[in-house]
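Open the model in your viewer and keep the sequence panel beside it. The tour below goes from stop to stop, saying what to select and what is there.

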Amino acid sequence: MIREFFYLQKSDRKVILVLLGIIVVALGVIFVTGEEENLSNVLTPSDTLKSEKKRDTTRYFRERTKTVYVRTKVIYRDTAFRRAAPHRYAASDSAAPVYPVKIGKGEFVVLNTADTAALKTIPGIGPYFARKIVSYGQRLGGYVSVDQLDEIEGFPLDAKEYLVVENARPEKLNVNHLSLSELKRHPYINYFQAKAITDYRRLHGPIRSLDDLRLSRDFPPEAIARLAPYVTY
């Protein structure tokens, strides 16, 4: 067959050689590609170490997530139990927060002597309004009526039925001795009313009754009635 190859024309021999060359190149490419694929499928020691580290990291974060979830669930369940039965739980754990027991119908808290802890036992009263009640009472010089709580913005009116005023002895303001700045510190005396008092003293002498101020437009009858329990002469 090789002998016959040399009997072919020169042009034919070139064509055959070119085809053979193409076939050899194609076989070489196929061989090299197959070797690379085989090599890519073989894990080196470093690849194995990286894979193990990745699996360990994934397992670590999965376990941490599970632990956090379990702890959160336990804390939530523990908090819910404390809220449902605070005193029963506190009996077995002195560090547990104690939630105040609310009083019921027919029970009362004395307004002028109650502290914030006592006030928080009233239904509808929490820490915020307990502080407001005490603070406003101090500014007034003491409550003379439960209805004065209406003057606290947003106060829950249903809570008034659990409060009483007993033996009210409010602090008195001497309207003949106090300065303008001292007078207007009281919640029931604004700047213009304080100025009307000092102007009256300057022009007419000591005030003997709040009725002396009734001609002032700053002292309508309701303002005089509201301030009366808190003044002396």
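Buried means under 20% relative accessible area, exposed means over 50%, and partly exposed is in between, with a 1.4 Å probe and protein chains only. This is a predicted model, in which local features need pLDDT of at least 70 and side-chain atom pairs count only at pLDDT 80 or more, while totals for chains, interfaces and linings use all residues. Residues are numbered from 1 along each chain as its sequence is written, and side-chain values use heavy atoms, with hydrogens and water left out.

**The whole chain**

Start with the cartoon view. Helices (H or I, at least four residues) and strands (E, at least two) are DSSP runs, numbered from the N terminus. The protein chain has nine helices and four strands, and along the sequence they follow the pattern α-α-α-α-β-α-α-β-β-α-α-α-β. Of the chain's 233 residues, 24% count as buried.

Now switch on the surface. Accessible areas come from the Shrake-Rupley method with a 1.4 Å probe, and for residues only the protein chains shown count as cover. The accessible surface of the protein chain is about 17,200 Å², and 58% of that belongs to carbon and sulfur atoms.

**A patch on the surface**

Select I16, L17, L20, I23, L27 and I30, which make a nonpolar surface patch of about 580 Å². Patches are made of residues with over 30% relative accessible area and no salt bridge; nonpolar side chains (Val, Leu, Ile, Met, Phe, Trp, Tyr) are joined within 5 Å, and like charges within 9 Å. One of the patch residues, L17, lies in helix α2 (residues 10–40). L17 counts as exposed, at 51% relative accessibility.

**Aromatic rings**

Rings of Phe, Tyr and Trp (its six-membered ring) pair if their centres lie within 6.5 Å; planes under 30 degrees apart count as stacked, over 60 as edge-to-face and the rest as tilted. This rule gives five aromatic pairs. Select Y136 and Y143: their ring centres are 6.4 Å apart and their planes are at 55°, so the pair is tilted. Y136 is buried at 12% relative accessible area, and Y143 is buried at 2%.

Next select Y191 and F192, an edge-to-face pair with 5.4 Å from centre to centre and 80° between the planes. Y191 is partly exposed at 41% relative accessibility, whereas F192 is exposed at 54%. Then select Y128, F129 and F155, which ring pairs link into a cluster.

**Around G137**

Select G137, in helix α6 (residues 127–140). G137 is buried, with a relative accessible area of 10%. Contact means heavy atoms within 4.5 Å. What does G137 touch, leaving aside its neighbours within four places in sequence? G137 is in contact with G142 and Y143. Now add N112 to the selection: N112 and G137 are 25 residues apart in sequence and 7.4 Å apart in space, C-alpha to C-alpha.

**Salt bridges**

A salt bridge is a side-chain nitrogen of Lys or Arg within 4 Å of a carboxyl oxygen of Asp or Glu. The structure holds five of them. Select K105 and E161, whose closest N and O atoms are 3.0 Å apart. K105 lies in the loop between α4 (86–90) and β1 (109–110), and E161 in the loop between α6 and β2 (163–164), so this bridge ties together parts that are 56 residues apart in sequence. K105 is exposed at 65%, and E161 is partly exposed at 41%.

Select K160 and D150, which form a salt bridge of 3.1 Å, N to O. K160 is buried at 17% relative accessibility, while D150 is partly exposed at 41%. Add D147 to the view: D147, D150 and K160 are linked in a network of salt bridges.

**Helix α8**

Finish with helix α8 (residues 191–204), where the end C-alpha atoms are 20 Å apart. The expected span of a helix is 1.5 Å times one less than its number of residues. For the 14 residues of α8 this gives 20 Å, which agrees. Which residues of α8 are buried? They are Q193, A194, A196, I197 and T198, and what covers them includes α7 (180–183) and α9 (221–227).

Last, select D199 and R202, whose side chains meet in a salt bridge (3.2 Å, N to O). D199 and R202 are three residues apart in α8, about one turn of the helix. An α-helix has 3.6 residues a turn, so residues three or four places apart point the same way. D199 is partly exposed at 22%, and R202 is exposed at 60%.
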